[in-house]
Amino acid sequence: MSSEGYEFTLKSTIKDLLTYKSGIFGALFLILLLAISVYAIVALPYDETVRLWRGEGGVWLENPRNAQPYWVKYLGQNLPETIKRDSTQPELGGTVKIVTPIPQTDMKLARISFTFDFSYDGFPSEINIFFSAKYNGSAPLLNIYWVKPSGTEIRLLTYIPRSQEDKLYLSVNQQAANALSLYLNSVLGKSPSIPLPIEYSLFAVEDSSMNSSATAKPLKGTYRLYIDGTLFGKDSDIDAKLIVYGRVYGMAGTDNQRRDLTIALLWGTPIALAFGLTASATITFLELLLATISGYYGGKIDSVIQRITEIYMILPFLPILIMVSTFYKLDLLVLILVVIALSIFGGGIKSTRALVMQIKEYPYIEAAKAYGASSKRIVFLYIIPKILPPVIPTLIASVPSYVFLEAALAILGLGIPNLPSWGKVINESFNAGALYKGYYYWVLEPAFMLILTALAFSFLGFALDKIVNPKLREV
Amino acid sequence: MAAKDLVKFVAKRAITILIVIIIAAYLTILIANMGGYVDEIMKSEIILSVTTRFQNDPAFKNYPQELRDKLINETIMVEFKRIGLDQPFIIRSFIYLKNGLTLDLGRALFLTSDSGSRMVKNIILERVPQTIMLFTTATLINFFLSLFIGLYLSRHHGSFLDKLFIAGAPTSVIPGWFYGIFLIIIFAAYFNVLPYGGYIDVPPPTTQLDYTLSVLKHMILPLASWIISAFFLGAYSNRTFFLIFSTEDYVEAARAKGVPPRQIETKYILRPSLPPIVTSLALGLVNSWSGAMITETVFNWRGLGLLTYAAISATDTPVIIGVTIIYAYLLGATVLLLDIIYGFIDPRIKMGRTS
Amino acid sequence: MKTLAENILECKNLVLHYSTRKGVVKAVNDVTFSLQKSESLALVGESGCGKSSLAKAIIRLLPRNIEKYSGQILVNGQDTMTLSEKEFREEIRWKKISMVFQGAMNSLNPVLKVGYQVAEPLLIHEKMKKHKALEKAKEALSIVGIHESFVERYPFELSGGMKQRVVIAMALVTNPSILILDEPTSALDVITQANIMNLLKRLKKERGLSYFFITHDIALSSELADKIAVMYAGEIQEIASADIFYKKATHPYSQKLMASVPTLRIDKKPEFIVGSPPSLINPPSGCKFHPRCTLAFYKCTKESPPLSDLGSGHLVKCWLFEEHKEAERYERRTT
């Protein structure tokens with residue numbers, strides 16, 4: 001007789017699974033992914049994540065743009081991290097703020113001095129100063145100075161805040177650029193052929209290497225930026241926050257909107273798992289049911305289901321999915337439902353149906369009919385348990401296809417709107433030209449997560465297939 | 001007698017397939033228009049754009065309001081007529097169906113071919129060579145590679161190479177386009193030896209030889225991405241497939257009889273396993289012609305896939321229908337052809353029994 | 001005393017082990033027996049005791065996961081184990097030894113015509129021309145009682161019994177002297193079974209064939225056997241000529257087998273053997289049958305008994321008889 005008589009218990013399957021190296025890898029990866037999902041959902045609740053990812057309220061403003069993950073320093077250069085100095089947060093250190101009223105006037109002199117060490121091998125990406133000024137009539141008049149480790153002091157610019165909360169984008173400030181270019185001229189004797197970015201001029205070692213941004217090196221030492229301000233009004237006050245943006249940030253770096261990519265990587269996990277598992281499991285079970293009904297009852301039902309299956313095979317799945325996504329903005333649940341609807345009469349039905357038709361002829365089915373078992377009973381208690389095991393490995397091994405489907409939709413720009421999925425991140429990176437600009441980490445990190453997920457399920461599925469399919473056992 | 005049965009069988013199958021194609025095509029038409037919903041969108045877009053155009057055009061500034069309104073309405077009507085929105089959707093859908101089935105594909109609504117033609121037929125035909133060139137090559141390479149490696153592995157079952165392919169099979173779950181992204185990162189972005197995508201250098205080379213070489217250069221990465229993706233699983237599947245066939249009792253009986261190994265492979269393993277192999281090749285080819293939309297997007301390869309995507313984005317229904325119908329006919333014809341070929345290969349079918 | 005030359009097939013210390021995920025299966029564990037010309041040896045045993053493996057070991061149909069294959073297989077005095085694969089294929093397969101497989105249903109290639117498959121050994125081994133080979137095939141088919149028009153048919157057009165006959169014809173077409181039959185009738189109904197057995201008997205008489213007949217049905221073996229060998233857990237437990245065996249089988253296992261056959265005339269309660277066949281990966285220590293043997297004693301659990309010669313070619317692998325002989329020898333020495 002055929003070897004279909006294998007009985008599978010969960011325990012025996014797991015034991016067998018562990019004898020296969022691929023099974024062990026798959027299981028380990030899967031547990032890792034589940035752990036990440038749980039952590040993501042617990043540590044970053046849904047609403048919070050949506051809010052963060054949309055970047056409302058400038059929540060990301062203190063992050064550098066397009067920063068690499070901090071651990072690249074182990075691979076090469078020691079790239080700068082972000083340095084923050086805040087006059088309202090003295091605990092950060094390096095800040096001195098002195099406000100002295102000028103006698104017989106209602107003006108005050110304020111000096112805020114920021115000091116920090118810079119010992120990195122690369123230049124900062126950006127420098128911003130955030131002002132928080134209190135005034136009734138006139139805004140304060142601020143002079144901003146820069147002191148290099150060598151002691152040289154450069155007056156960068158004069159600034160008047162335009163509102164009580166104001167931001168000075170030092171990196172693109174024309175006054176500062178002019179001041180620096182004059183300074184450089186005096187030091188080098190000429191201006192570099194291509195003007196250096198402001199961060200480079202502020203931090204570079206002052207020698208011939210300053211001629212181009214390719215050769216310039218940062219001068220390591222203690223730097224100081226101080227603001228001399230004149231305040232108007234008895235109750236006036238000024239606070240400032242200096243952020244010297246680094247080029248590395250966090251475990252995963254940032255994107256061009258300064259968002260921390262770890263959020264996307266973390267939250268992409270439950271999205272991918274939910275999408276993949278739900279789609280795969282639902283489709284597999286529905287296909288199973290349909291195949292069983294088709295094979296067992298035969299006749300007209302069979303023909304109808306078979307014809308519908310053939311129609312599905314001719315319908316172009318991806319174009320239709322894209323059409324639906326284009327016309328309706330989808331969220332995760334609706335997308336899953338649509339994918340399921342477009343897949344249930346898929347090709348898997350034909351092979352399962354063949355199996356059902358084989359099993360239908362088995363003597364013990366006849367015996368069950370003889371003692372009066374209803375068709376429904378036979379289908380659910382006899383046939384389905386028989387065809388379930390061979391189908392499970394396919395279920396697991398198909399999960400990656402659905403994960404990649406979601407990623408593909410995202411790359412085409414049709415992804416789930418609010419949540420950060422891995423495919424979405426890749427899409428955004430492409431749109432921002434990440435490959436041309438060398439921001440490989442932006443593409444590689446979500447890609448790596450996709451690969452991890454794919455391999456986890458794939459290895460697991462293949463190992464299960466070897467266990468469940470007796471013909472494959474010794475082969 | 002067998003011939004008459006065969007003809008009857010083929011005719012029955014052909015009719016069934018045709019009905020399936022008709023239903024599938026009609027469904028696609030319905031979906032492409034979201035059952036008339038897209039019509040509403042298009043109508044309001046046309047109204048909006050025409051109205052805005054007239055409001056902002058300085059030439060019409062001086063016209064009295066009623067005259068302007070009249071002009072606006074006339075222009076709107078003309079646009080509607082051009083696109084066919086003057087008739088209710090249901091009627092149009094059947095017209096689309098009939099035209100599509102007779103391959104009278106008509107004119108596109110918005111897209112044009114590179115040569116400037118609006119005829120859907122030309123638009124599609126222009127893209128077909130690119131798609132076939134790339135994906136048929138990929139499918140054929142994959143087919144033969146996996147066949148021969150699979151055969152070799154089944155003969156050397158248990159060897160290191162065999163174990164390597166078994167271990168590597170799961171890597172094929174990653175689709176070709178994904179590998180494509182990596183290949184682009186490595187070879188185009190980092191090493192800069194191969195192009196990021198596209199079909200030909202810009203500006204295109206002048207000599208025939210250079211032109212061909214340039215196309216080949218652009219084909220390398222997309223081909224590689226498809227080959228890498230299918231490589232391990234293809235060989236593994238074929239190997240397992242052949243192994244299962246070679247554990248059949250009649251193979252063992254043939255070995256016992258002293259049939260030389262070569263003959264066992266051809267007569268006892270390959271011949272009985274031919275139908276599924278031929279099927280997978282045929283279906284694989286047809287599938288690859290639907291353009292592998294994502295791969296074409298990643299590599300910016302101007303073939304049917306990108307065309308389909310562009311048509312969807314522009315809701316250019318005639319083009320969508322055209323592509324779908326052609327694909328449906330191709331698939332239907334392939335299935336029919338396969339049925340006929342089976343009749344010749346598998347004697348069980350030839351004799352009138354169904355397998 | 002029969003000389004070795006009269007033995008058309010002799011196996012000495014034949015071992016066939018193969019490795020699986022769960023361990024090494026010791027399917028054939030040091031088997032020794034002999035088959036004379038025109039003799040019919042029935043190998044009897046439960047499912048999974050290694051009978052088929054023994055047959056495959058003789059005709060060198062080795063599995064892919066072979067672990068150990070040793071011993072001597074003497075065909076007409078020549079040790080086939082020393083032959084290369086090519087030599088074995090050209091000299092032994094179907095020329096000296098043919099095989100009729102278990103489950104003839106699947107022994108025929110579904111996409112080749114019956115006539116071709118029967119004629120194939122001739123095409124390969126005797127390099128005959130196709131039409132001549134087909135003629136011989138037709139002859140072979142008619143000998144087994146199948147009409148020669150069937151050469152144009154495909155296997156699926158034949159019934160189970162007919163397929164079995166075709167496989168027998170296929171095995172005979174090259175006139176081998178030894179025929180291995182692995183459960184040739186277990187998949188057939190009793191009437192067809194009887195027909196096939198009659199056919200085999202007739203062929204044996206007409207052509208002087210030697211049979212190595214494997215079956216689990218001890219009653220069936222009585223139809224054809226000149227000699228019976230009982231196999232258990234990969235080892236031969238008893239060999240005896242048919243008369244001796246059926247009257248006084250001495251191995252406890254053989255006795256149980258005999259007792260389990262229902263008889264038509266005597267109202268006897270059929271016996272069964274407690275327990276189930278042992279694992280060939282982890283067989284019991286000592287005598288492999290001891291866990292199920294009602295007569296086992298301490299030595300049986302420790303050491304595997306040798307084959308004791310009880311005279312007239314009757315060999316038994318059991319401590320009971322070795323002990324008995326020890327006792328006899330002791331008696332003789334002391335008296």
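What follows walks through a predicted model, from its confidence scores to its sheets, a bent helix and a chain contact.

Overall, the prediction comes with an ipTM of 0.79 and a pTM of 0.76. Chain A averages a pLDDT of 84, with 97% of its residues scoring at least 70. Within chain A, confidence peaks in strand β5 (residues 141–147), where the mean is 90, and bottoms out in α16(A), where the mean is 64. The start of chain A calls for some care too: residues 1–6 have a pLDDT below 50, and this stretch makes 2 contacts in the model beyond near neighbours in sequence. For chain C, the mean pLDDT is 84, and 94% of the residues reach 70 or more.

Turning to the strands of chain A, there is an open sheet of 4 strands, antiparallel in its pairing, that reads β1-β9-β4-β7. The edges are taken by β1 (83–86) and β7 (165–169) of chain A; each has a single partner strand, so one side of each is left without a neighbour in the sheet. On average, neighbouring strands here are turned by 15 degrees against each other, ignoring direction. At the β7 end of the order, β4(A), residues 126–134, runs antiparallel to β7(A), and 5 bridges join the two. Picking out one pair in that ladder, A:Phe131 has A:Asp166 of β7(A) as its bridge partner.

Chain A also has a hairpin, built from β2(A) and β3(A) with 5 residues between them. Its strands, residues 95–101 and residues 107–118, pair in the antiparallel sense over 7 bridges. A:Pro101 sits opposite A:Lys108 in β3(A), while A:Gln104 in the turn takes a positive phi of about 65 degrees.

Chain C has its own open, antiparallel sheet of 4 strands, in the order β2-β1-β4-β5. Here β2 (23–36) and β5 (78–79) of chain C are the edge strands, each pairing on one side only. Between β1(C), residues 7–20, and β2(C) there are 11 bridges, again in the antiparallel sense, and C:His17 finds its bridge partner in C:Lys26 of β2(C). A helix goes over this sheet: α1(C), residues 51–58, lies across β1, β2 and β4 (66–75) of chain C, at about 65 degrees to β2(C).

Back in chain A, α12(A) is anything but a straight rod. With 37 residues, a straight helix would reach 54 Å at 1.5 Å a residue, but the end C-alpha atoms of α12(A) are only 47 Å apart. There is a kink of about 45 degrees at A:Ile384, shortly before the proline A:Pro385. After the helix comes A:Gly413, with a positive phi near 90 degrees.

That bent helix also turns up where chains A and B meet. In the model, 34 residues of chain A are in contact with 37 residues of chain B. On the chain A side, the elements giving two or more residues are α7 (299–314), α8 (317–327), α12 (375–411), α15 (440–468) and α16 (470–473). The largest share, 10 residues, comes from α15(A). As for character, this side of chain A splits into 27 nonpolar, 4 polar and 3 charged residues. One caveat carries over from the scores: α16(A), one of the contributing elements, is also where confidence in chain A is lowest.

Technical notes. Residues are numbered from 1 along each chain as its sequence is written. Chains are lettered from A and ligands numbered from 1 in the order in which they are written. This is a predicted model: local features need pLDDT of at least 70, side-chain atom pairs count only at pLDDT 80 or more; totals for chains, interfaces and linings use all residues. Two residues are in contact if their C-beta atoms, placed from the backbone, lie within 7 Å. Ala, Val, Leu, Ile, Met, Phe, Trp, Tyr, Cys and Pro count as nonpolar, Asp, Glu, Lys and Arg as charged, and the others, Gly among them, as polar. Two strands pair if DSSP finds at least two bridges between them. Axes are lines fitted to C-alpha atoms, for helices over the stretch in contact, and angles run from 0 to 180 degrees between N-to-C directions. pLDDT is the predictor's confidence in each residue, from 0 to 100. The expected span of a helix is 1.5 Å times one less than its number of residues. The bend at a residue is the angle between axes fitted to the seven residues ending there and the seven starting there.
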